[in-house]
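Subject: Structure handover

Hello,

Here is the structure you will be taking over. Please open it alongside this message, as the notes below refer to it throughout.

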Amino acid sequence: MLPNPSVKYRSSAPVPLPDRQWPSRTLVAPPIWCSVDLRDGNQALAVPMNVSQKLELFDALVRCGFKEIEIGFPSASNTEFAFNRRLIEENRIPDDVTIQCLVQCREDLIERTVESLVGAKNVIIHLYNSTSPAQRRVVFGKSREEIKSIALQGAQWILDRLPRLQGNGGTNVRLQYSPESFSLTELDFALEISNAVIDLWQPTPDHKMILNLPNTVEAMTPNIHADQIEWMSRHIHRRDSVTLSLHTHNDRGTGVAATELSLLAGADRVEGTLFGNGERTGNLDIVTVALNLYMHGIHPGLDFTNISELISVYERTTGMTVPPRHPYAGELVFTAFSGSHQDAIKKGLAEWETKAENKSRETWDVPYLTIDPADIGREYREVIRVNSQSGKGGVAYLLEAEYGIELPKDMQREFGPIANDAVDALGREVTAAELRGMFWKEYIETETPWSLVHFHADGTAGTFHCRASVLRNGQPLALTGEGNGPIAAFVDALVKAGVPSFSVAYYKEHALSSGSDSSAIAYIQIKLENGQTKWGAAENTNIELASIQAILSALNRL
């Protein structure tokens, strides 16, 4: 890296907009969405999709609710052209969905594009040419006026061919123009060339054109891009006849922010891809922007109820993968490893369920979870995961969620560090089954020095007598005792047999399953006269025996 990068790079010039309005606005409705997965996303793949893969992804986009889908660049290859024709000839495009095709300002390419669209019901022809100083200088070697002439000639060639579409099957055609690399183009020239195309196409409020202003290479902070959009929105001709569209990329990692601020600045429409697939660092991630709106109480008009299924289609057709930390969609985004986070999530989810039972729910306010995972087809069991950084809350949540083991709070404090040490030794994340195994080994499977052979208790009016047979270090021992209940009688029997005096400080039991063969689990905390405490647990189909075995579990753990 250079010690002084300013000798090679420069920051973006501010836009002269002292009375900018977008900072004080609030989003209240979703934009028009246009998926460019099948064109912009496809051309960014090392192995582009074949026709069958594109058909599968197209159907998935339709199910999500996209009404505008850029299906490709039909003049670029036979595969792209064939895909267009299959969609149209097999009537795979719903009547309320408009397909969009991209084309450069070349007559032969425009001709091929129009040919690919014959017979479609609703189409957008998307014309573009590059306008930035670097493109004008390096790629084309042309002046501003020459670049504008290219745009106008392309726009006219499209107009000349519209009767072929409109007169053959009555195709509804909308026109779109993009000054490519808009964000790096001088604003006055971007306005000049855009207004020239607008004046040529003469859109009306009833038949609008789309002016797409691409942030083709993201090179400025999101606020400057928003200023650019607001400035253009104020100055373009026939604003009421123009749908102002965004197409942000993610070179600086702020494509979502640039889009959201630019929507505040007056944009009406957003082009992007599922999960941000696209050249270099990718296009705008439409899923993130849509669910950002959703978490603010605005339905985006797109349906991601089963986001896992959508991810599966996306990964299968594109060969790309969704990163585990990807907003909303990633495997780990509704996951907490930190113990304090896990505890807060567990309590927040419990409160949410309690409010549902009491019919007192208000707005979602669960710590660390921006939306309810269930809204996009995720389950709460995905929320808590355990590794060496986790605490008792996560351990307790998994045991309860997966196996119905409801550890008392103080027992969580005892077992949490035990589990943490075991996980730390493994050096990886552990499953709920492994945690259950750790719990069973520590509490349920402890059979030395004490193990129960037989137990019987009877009594009335608060006086119980018990008879028990146990093994102590493998040697049989008969016990008798009395107390105000079976547990108290067994404690008395143990103390009479020479066990140091202790009392039961806490007792809890509950069923682990239902039915005639259901089992129960008992948790008991014993307290010695010196104040030392220890927990025990046991599982049995007989709850009374489970409680007796839990006492022996605690003694064994001493």
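The notes below go through the pockets, the nonpolar cores, the cysteines, the backbone and a few contacts. Please keep in mind that this is a predicted model.

Pockets

The largest pocket has a volume of about 560 Å³. Its lining is made up of 19 residues, and those nearest the centre are R10, S12, A13, S183 and L184. Sorted by class, this lining holds eleven nonpolar, five polar and three charged residues.

The second largest pocket takes up about 340 Å³. It is lined by 17 residues, with R39, D40, Q43, E180 and T216 closest to its centre. Here the lining divides into four nonpolar, seven polar and six charged residues. Which elements supply at least two residues each to the lining of this second largest pocket? They are α1 (37-43), β4 (122-130), β5 (172-180) and β6 (209-215). Of the elements, α1 gives the most, with three residues.

Nonpolar cores

The largest nonpolar core has 101 residues, and the members that touch the most others are I125, L211, M232, L274 and F304. Helix α7 (residues 187-201) contributes the largest share of this core, eight residues. Apart from this core lies another one, of 27 residues, including A468, L479, L494 and F502.

L274 is a useful residue to click on if you want to look at the largest core. Leaving aside neighbours within four places in sequence, L274 is in contact with D37, L57, L61, F66, D285, V287, F304, L310 and Y314. One of these, F304, is also listed among the core members that touch the most others.

Cysteines

How many disulfides does a search of the whole structure find? The search finds zero. C105, for example, is in no disulfide, and the nearest cysteine sulfur, that of C101, is 15 Å away. A disulfide would need the two sulfur atoms within 2.5 Å, so this pair does not qualify. C105 is buried, with a relative accessible area of 12%. C466 is buried as well, at 2%. Both count as buried because their values fall under the 20% cut-off.

Backbone

A cis peptide bond joins T448 and P449, with omega about 5°. P449 sits in the loop between α15 (432-444) and β9 (450-460).

Two residues have a positive phi although neither is a glycine: S181, at about 60°, and N473, at about 55°. S181 is in the loop between β5 and α7, while N473 is in the loop between β10 (463-472) and β11 (475-483). Are these two residues buried or exposed? S181 counts as buried, because its relative accessibility is 6%. N473 counts as exposed, because its relative accessibility is 58%.

Helix α12 and the loop after α13

Two residues of helix α12 were looked at. L349 has its place in this helix, which covers residues 339-357. L349 is buried, with a relative accessible area of 6%. The C-alpha atoms of L349 and D372 are separated by 9.4 Å, and the two residues are 23 apart along the chain.

K346 is also placed in helix α12. What does K346 touch, not counting residues up to four places away in sequence? The list is G393, A396, Y397 and E400. For K346 and A396, the C-alpha to C-alpha distance is 9.2 Å, with their positions 50 residues apart in sequence.

G404 is found in the loop between α13 (392-403) and α14 (409-426). G404 counts as partly exposed, because its relative accessibility is 25%, a value that lies between the 20% and 50% cut-offs. Leaving aside neighbours within four places in sequence, G404 is in contact with L399, H510 and L512. G404 and G339 are 65 residues apart along the chain, and their C-alpha atoms are separated by 20 Å.

That is the full set of notes for the handover.

Regards

Definitions and conventions. Residues numbered from 1 in each chain as written. Predicted model: local features only at pLDDT ≥ 70, side-chain atom pairs only at ≥ 80, totals over all residues. Heavy atoms only, no water. Buried < 20%, exposed > 50% of the residue type's maximum accessible area, 1.4 Å probe, protein only. 1 Å grid on protein atoms, 1.4 Å probe; cavity = no way out; pocket = protein on both sides within 12 Å on 5 of 7 lines; lining within 4 Å. Points joined across faces, edges and corners; volume = space filled by probe spheres on them. Nonpolar A, V, L, I, M, F, W, Y, C, P; charged D, E, K, R; others polar. Helix = DSSP H or I, 4+ residues; strand = E, 2+ residues; numbered from the N terminus. Core = buried A, V, L, I, M, F, W, Y, C linked by side-chain atoms within 4.5 Å. Contact = heavy atoms within 4.5 Å.
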